[in-house]
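Let's take a walk through a protein chain together. Keep the picture in view and follow along one part at a time.

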Amino acid sequence: MHQGYDLIGDIHGCGETLIELLEQMGYSKRGGVYQHPKRKVVFLGDIVDRGPHIRLACHVVRDMVDGGHADIVMGNHEYNVVTYCTEAPPGMRQPFLRPHTKRNSFIVEQTLEQFANYPHEFNEFLDWFVDLPLFLDYEHFRVVHACWDQGMIDEYLMRYGDNKLHRNMLAESVNTRSFIYKFLDRMLRGTSLKLPDGRAMTAKDGMVRQFFRTKFWEDEPERYSDVVFQPDPLPDDIEHALLSREEREQLLFYGPQEKPLFIGHYWMQGLPAPIVPNIACLDYSAVKYGRLAAYRMDTERSLQPGKFTWVRVEKSER
Ligand SMILES: [Mn+2]
């Protein structure tokens with residue numbers, strides 16, 4: 001039986017780095033599948049997009065999952081590529097569930113390009129992506145791509161009976177007023193607040209945004225600076241302003257007594273470490289020449305800085 005779990009953050013097509021990380025943790029290829037005699041991997045989603053070896057990453061991951069050597073949750077990039085490639089039903093005013101805007105097309109460009117000569121294989125991966133769990137609740141820890149919201153999870157389980165998105169729910173999932181949309185937005189993209197007074201800010205990537213990403217582990221925050229969680233700083237005058245009561249009520253709080261939670265998604269930088277004693281983000285921006293990070297989990301209640309491991313991504317992965 002498995003004696004522990006190795007959680008791995010966003011891969012984004014860094015397939016060679018993934019193999020290096022697996023080997024560093026004592027996994028080896030047997031019968032074509034990476035495995036460990038005593039441990040199992042949990043992938044935090046976002047296998048696809050951006051990087052140079054997306055097909056390789058997809059094959060390594062799916063083979064491990066199929067062989068019982070890994071579990072995985074869906075990332076927002078798997079969801080995006082599926083809806084980008086799925087035709088809209090008659091009656092919708094757009095040809096595909098996810099509009100083929102310049103920005104959306106740019107995001108999936110490398111994935112489509114690298115699978116261009118393997119259309120059958122690509123369709124099989126799309127079917128597999130749809131079927132991935134959206135969240136996993138283990139005995140000693142929890143896993144979701146961006147944010148654990150127990151209230152929404154309970155409602156999802158009550159409505160749909162399991163932790164998956166089914167193909168017949170895809171069309172409804174792009175309707176921004178539906179519960180499925182709000183649920184996926186929370187699980188796969190996390191929590192955010194609107195900037196006050198209808199303000200907008202221009203992020204480092206050039207995008208203009210009216211929302212900023214927020215922490216969901218801050219107890220009784222008072223100011224915007226207490227909850228902002230993104231690489232781009234807030235405008236000076238907003239940063240130190242007080243949150244309104246309505247804003248504070250919108251925020252979510254994952255308390256310190258909850259099971260350890262692992263997330264990806266947030267493009268962290270620097271040395272991997274817990275955010276708080278029971279939450280770790282393992283997305284350390286591998287595809288931006290950061291680190292592909294993992295955490296070697298056993299049964300601890302409090303995450304240990306010494307149990308993170310990683311591979312630095314060199315320019316050669318390109
Ligand atoms: Mn990601």
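**Two domains and where they meet**

Start with what holds the two domains together, or rather with what doesn't: there are 0 salt bridges between domain 1 and domain 2. Polar contacts hardly show up there either, with 1 residue pair counted between the two domains. On the side of domain 1 that touches domain 2, you'll find 10 nonpolar residues, along with 1 polar and 1 charged. Keep in mind that you're looking at a predicted model.

So where are these domains? Domain 1 comes in two stretches, 4–149 and 258–317, while domain 2 covers 192–251. Domain 1 brings 12 residues to the contact and domain 2 brings 6. From centre to centre, going by C-alpha atoms, the two domains are 27 Å apart.

How do people put a number on a meeting place like this? The size of an interface is often given as the accessible area lost when the parts come together. Here, about 820 Å² is buried between domain 1 and domain 2, and carbon and sulfur atoms account for 77% of that. Try finding Arg103, Tyr266 and Ile275: this trio supplies 48% of the area that domain 1 buries against domain 2, more than any other three residues.

Now zoom in on residues 7–136, which an unreviewed UniProt entry lists as "domain: Calcineurin-like phosphoesterase". This stretch is 45% helix and 14% strand, and its end C-alpha atoms sit 12 Å apart.

Last stop: charges. Side chains of opposite charge can pair when their charged atoms come close. The structure as a whole holds 17 salt bridges. One of them joins the side chains of Asp6 and Arg39, at 3.0 Å from N to O. Asp6 belongs to strand β1 (residues 4–8) and Arg39 to strand β4 (residues 39–43), so this pair ties together parts that lie 33 residues apart in sequence.

Conventions
Residues numbered from 1 in each chain as written. Predicted model: local features only at pLDDT ≥ 70, side-chain atom pairs only at ≥ 80, totals over all residues. Heavy atoms only, no water. Domains from an automatic or database assignment. Contact = heavy atoms within 4.5 Å. Buried area = accessible area lost by both parts, 1.4 Å probe. Salt bridge = Lys/Arg side-chain N within 4 Å of Asp/Glu carboxyl O. Polar contact = N/O pair within 3.5 Å; in protein donor to acceptor, adjacent residues only side chain to side chain. Nonpolar A, V, L, I, M, F, W, Y, C, P; charged D, E, K, R; others polar. UniProt positions renumbered as here; feature names shortened; annotations may be inferred. Helix = DSSP H or I, 4+ residues; strand = E, 2+ residues; numbered from the N terminus.
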